[in-house]
Amino acid sequence: MEALKLKLKQQIIEALNLQDTKPEDIDDNAPLFGEGLGLDSIDSLELMVLLERNYQIKVEDPREGRKILQSVQTMAEFITSKQVA
Amino acid sequence: MKAKCYIRGCAAISPQESFAGHFAPQLLTLEGKSMMRVKEPDYSGFIPPNSLRRMSRVLKMGLVAALQCLRNSNTSVPGAIITGTGRGSLQDTEKFLHNIRDYAETALNPTPFIQSTYNSVNGLIALQQQCTEYNNTFVHRGFSFEHAVLDSMMQLAEGNATEVLTGAFDEMTDEHFYIKSRIGYWKNELTQPAELLDSNTTGSISGEGATFFLFSSKPSDICLEGIKMVYKPSGEELQQALQAFLSSQDIAAEEIDLLVSGRNGDTQYGHFYDGVEGEFSDARVFYFKPYCGEYDTAGAFGLWAAVKELEIGPAKTVLLYNNFYGEQHTFMLLRKAAI
């Protein structure tokens with residue numbers, strides 16, 4: 001799980017071009033939107049694409065997406081659950 | 001069209017050190033290929049970091065040139081935003097098309113798709129300045145900027161706005177340079193800007209830039225008095241159009257003391273410039289393409305150079321003539337206004 005979270009942080013930084021942000025700057029449980037990284041709705045679409053491209057996971061329901069993209073922790077848990085299934 | 005369109009301010013991001021507003025054109029030394037790239041300013045003082053990270057190069061160039069123009073004009077919210085671009089955001093368009101191919105039309109990033117639309121720069125300016133007025137982008141190859149100017153002049157003449165932010169932006173990418181090189185747009189051999197006009201070969205040097213003006217109906221130092229566009233004329237038709245334009249502006253050729261010429265060193269279209277320049281044997285000629293390169297909206301840099309020449313003096317009446325690969329021809333008349 002720890003390795004997955006680190007990888008996710010690196011992928012988020014690259015996909016969203018978060019200049020001057022390092023993986024260690026992102027708290028596992030900090031909210032990705034609003035506070036924390038301060039991401040917006042376009043970023044949420046970019047994160048959906050990230051999941052699809054890198055983990056072959058397609059999130060169809062936007063309400064489900066809102067829960068999954070709360071933090072790096074929730075994203076990692078979701079990916080792990082899909083991989084186990 | 002004949003109208004009084006005063007230029008209250010301008011800003012240019014170009015291959016020259018133009019952003020600071022100085023006019024000290026330098027002939028650059030190119031390496032590798034006949035391509036000039038803009039000197040990008042520090043964008044961080046203009047755009048919030050969270051927005052900056054998402055923007056492609058031409059979006060940053062366009063937005064910041066527009067914001068600097070507004071600053072130079074002491075204006076915050078213009079009465080209209082009107083721009084022209086020949087190619088829009090090429091970088092985003094190419095990224096999006098590559099994604100379609102690489103991911104078999106699935107999992108496409110939204111950002112390059114959104115930003116590849118031609119009116120993205122206008123939208124960003126409007127959002128940043130909270131401007132809900134008339135907003136339009138013209139995409140007509142070598143007439144893109146010129147139609148933006150024409151629309152701006154009409155908006156002012158009809159009283160729809162008293163101040164219009166008018167501009168142009170175009171970028172060049174390596175991939176697009178290659179595509180256009182295959183249809184003869186550029187010199188086959190590396191050609192230096194200093195040699196451009198004497199190269200005696202076809203093609204030109206590729207350029208790029210973002211240039212903005214604040215046009216106003218309120219009198220100020222420099223006035224754009226007229227514009228005329230001519231599509232695919234013969235040499236004779238171009239001469240007739242020039243005479244008709246001068247006549248409509250009530251001005252004789254002898255009164256023009258500076259001709260700003262868009263001659264681009266391509267021998268296929270040199271005869272158009274020969275004909276026009278021949279009508280103004282007493283005028284000084286300033287060739288702007290060796291300083292900015294050739295691109296769809298290079299005429300905007302030509303207009304910026306004309307404004308700077310009028311600011312510096314001694315020129316008081318300037319005619320700008322430009323054509324884009326022999327198809328789209330434009331005349332613009334500028335004067336130092338007597339306020």
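A residue is counted as buried if 20 or more other C-beta atoms lie within 10 Å of its own, and as partly exposed if the number falls between that limit and the 12 or fewer of an exposed residue. By this criterion, 12 of the 15 residues of helix 11 of chain B are buried in the predicted model, so this helix is largely enclosed by the rest of the structure. The buried positions begin with an unbroken run from B:Ala298 through B:Gly299, B:Ala300, B:Phe301, B:Gly302, B:Leu303, B:Trp304, B:Ala305 and B:Ala306 to B:Val307, and they also include B:Glu309 and B:Leu310.

Helix 11 of chain B spans residues 298-312, and the distance from its first C-alpha to its last is 21 Å, close to the 21 Å expected at 1.5 Å a residue. Just after helix 11, B:Gly313 adopts a positive phi of about 80°. As to the confidence of the prediction, chain B has an average pLDDT of 96, with 100% of its residues scoring at least 70, while the complex is assigned an ipTM of 0.88 and a pTM of 0.94 by the predictor.

Elsewhere in chain B, B:Ala241 lies in helix 8, which comprises residues 235-248. B:Ala241 is classed as partly exposed because 17 other C-beta atoms are found within 10 Å, a count that falls short of the 20 or more required of a buried residue. When residues up to four places away in sequence are set aside, the contacts of B:Ala241 are with B:Lys228, B:Val230 and B:Pro233. B:Thr317, by comparison, is separated from B:Ala241 by 76 residues in sequence and by 19 Å in space, taken from C-alpha to C-alpha.

Chain A contains 4 helices and 0 strands, and its elements follow the order α-α-α-α from the N terminus on. The radius of gyration of chain A is 12 Å, which agrees with the value near 12 Å that a compact globule of 85 residues would have. Along the principal axes, the C-alpha atoms of chain A fill a box of roughly 35 × 25 × 20 Å. Of the 85 residues in chain A, 25% count as buried. Where contacts in chain A between residues at least 6 apart in sequence are considered, 52% of them join residues that are at least 24 apart.

Definitions and conventions: Residues numbered from 1 in each chain as written. Chains lettered and ligands numbered in written order. Predicted model: local features only at pLDDT ≥ 70, side-chain atom pairs only at ≥ 80, totals over all residues. pLDDT = per-residue confidence, 0-100. Helix = DSSP H or I, 4+ residues; strand = E, 2+ residues; numbered from the N terminus. Rg over C-alpha atoms; globule rule 2.2 N^0.38 Å. Contact = placed C-beta atoms within 7 Å. Expected span 1.5 Å × (residues − 1).
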